[in-house]
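Trainee: Please take me through a close look at the helical part of this structure. I should like one connected account of how the helices are packed and of the backbone around them.

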Amino acid sequence: MTAVHDSPGSLDQDAEPTAVVTVSVNGAEVTGRVPVRMHAADFLRQRLGLTGTHVGCEQGVCGMCTVIVDGEAVKSCLMLACQLDGRAVRTVESLAEGDRLGPLQEAFAARGALQCGFCTPGLLMTATALAYQGGRPDREAVREEIAGVLCRCTGYEPIVTAIEEYFAGLPETGEEEENART
Ligand code: FES
Ligand code: FES
C-alpha cells in the first residue's frame with residue numbers, strides 16, 4: 001500500500017473537513033487523507049502525480065479529464081476524491097507497457113489522431129472503457145461514445161478511424177480488455 005502525501009499545491013487541510021480514502025489506481029492501492037471537496041482529477045494529478053489526466057473546463061463539458069472508475073468512463077472533474085474510496089481507477093498512464101505505447105495509443109499515432117494532444121487522454125480512456133463492453137462498435141457507435149470528449153484540432157475523422165482500427169485488432173469478445181481491468 002502506498003501512502004499519499006500532501007504536495008505543495010494541495011488545498012489547506014486546516015480550512016475544511018478531510019477524509020481518508022483508499023483507492024486502487026492502475027492496479028496499485030493508495031491511501032491518504034484528502035479534503036472532502038477535492039476533485040478526483042486534482043487528486044490524481046496533484047497528489048499522485050498522474051498528470052496524463054488533463055483538465056480543461058472543470059465543468060463536465062470537455063471530457064478531457066475522463067478516467068475509468070470501476071469499468072465506466074467518468075469525468076473526473078465532476079467526481080470528488082473521497083468518492084473514489086474503495087473503487088478501482090484506471091488512468092491513461094496504464095495504457096503504455098513500459099516504454100512501449102499500448103495498441104490504442106499506437107493506433108492514434110499511426111492515424112495522426114492527435115495534434116496538440118490535450119484531448120487525447122480523455123479519448124483514449126473513453127475508447128478503453130468502450131472496449132470493456134466487448135464486440136466491435138461501428139463508426140457510428142464510436143462517434144456516439146466519444147461525443148463527450150471535445151477536440152479542437154483534428155476534425156475527429158482520424159480519431160474515429162484509429163479507434164475503429166484498434167477494435168478491429170481486438171478479440172471479438174473484448175476479453176483482452178476485460179482482463180486488463182484494474
Ligand atoms: S475538465 Fe472535466 S469535463 Fe472538462
Ligand atoms: S488534438 Fe488538440 S484538442 Fe484534440
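Mentor: I begin with helix α1, which spans residues 40-47 and whose buried residues are Ala40, Ala41, Phe43, Leu44 and Arg47. The model is a predicted one, and what follows should be read accordingly. The buried residues of α1 pack against four strands, namely β2 (18-25), β3 (28-35), β4 (66-69) and β6 (88-90). After α1 comes Gly49, with a positive phi near 75 degrees.

Two further positive phi values deserve attention in the loops that follow. Most residues other than glycine have a negative phi. Against that background, Glu58 has a positive phi of about 60 degrees although it is not a glycine. Glu58 belongs to the loop between α1 and β4, and its relative accessible area of 45% makes it partly exposed. Asp70, likewise not a glycine, has a positive phi of about 50 degrees. Asp70 is located in the loop that joins β4 to β5 (72-75); with a relative accessibility of 41%, Asp70 also counts as partly exposed.

The next helix is α2. Its buried residues are Leu104, Gln105, Ala107 and Phe108. These residues lie on the same side of α2, because the arc they cover around the axis is only 155 degrees. The underlying geometry is familiar: an α-helix has 3.6 residues a turn, so residues three or four places apart point the same way. The partners of the buried residues of α2 are two other helices, α3 (120-131) and α5 (157-168).

One residue of this set merits a separate word. Gln105, in α2 (residues 103-111), has a relative accessible area of 13%; it is classed as buried because that value falls under the 20% limit. Apart from neighbours within four places in sequence, Gln105 has contacts with Val92, Leu95, Ala96 and Leu124. Beyond the helix comes Gly112, whose phi is positive and near 60 degrees.

The partners of α2 also meet each other. The axes of α3 and α5 come within 11 Å and cross at roughly 35 degrees, and the crossing of α3 past α5 is right-handed. On the α3 side, the residues in contact are Leu123, Ala127, Leu130 and Ala131; on the α5 side they are Ile159, Ile163, Tyr166 and Phe167. By class, the residues of this contact comprise eight nonpolar, no polar and no charged.

Two of the α5 residues in that contact, Tyr166 and Phe167, bring us to the aromatic rings. How many aromatic pairs does a search of the whole structure find? It finds one. That pair is formed by Tyr166 and Phe167, with ring centres 5.3 Å apart and an angle of 65 degrees between the planes, an edge-to-face arrangement. Both members are buried: Tyr166 has a relative accessible area of 6%, and Phe167 has one of 1%.

Taken together, the picture is as follows. The buried residues of α1 pack against strands, whereas those of α2 pack against the helices α3 and α5. Between α3 and α5 themselves, the contact includes Tyr166 and Phe167 on the α5 side, and these two residues form the edge-to-face pair.

Note on methods
Residues numbered from 1 in each chain as written. Chains lettered and ligands numbered in written order. Predicted model: local features only at pLDDT ≥ 70, side-chain atom pairs only at ≥ 80, totals over all residues. Heavy atoms only, no water. Buried < 20%, exposed > 50% of the residue type's maximum accessible area, 1.4 Å probe, protein only. Contact = heavy atoms within 4.5 Å. Arc of directions from axis to C-beta. Phe/Tyr/Trp six-rings, centres within 6.5 Å; stacked < 30°, edge-to-face > 60°. Axes fitted to C-alpha atoms, helices over the stretch in contact; angles between N-to-C directions. Left-handed = near helix turned anticlockwise from the far one by under 90°. Nonpolar A, V, L, I, M, F, W, Y, C, P; charged D, E, K, R; others polar.
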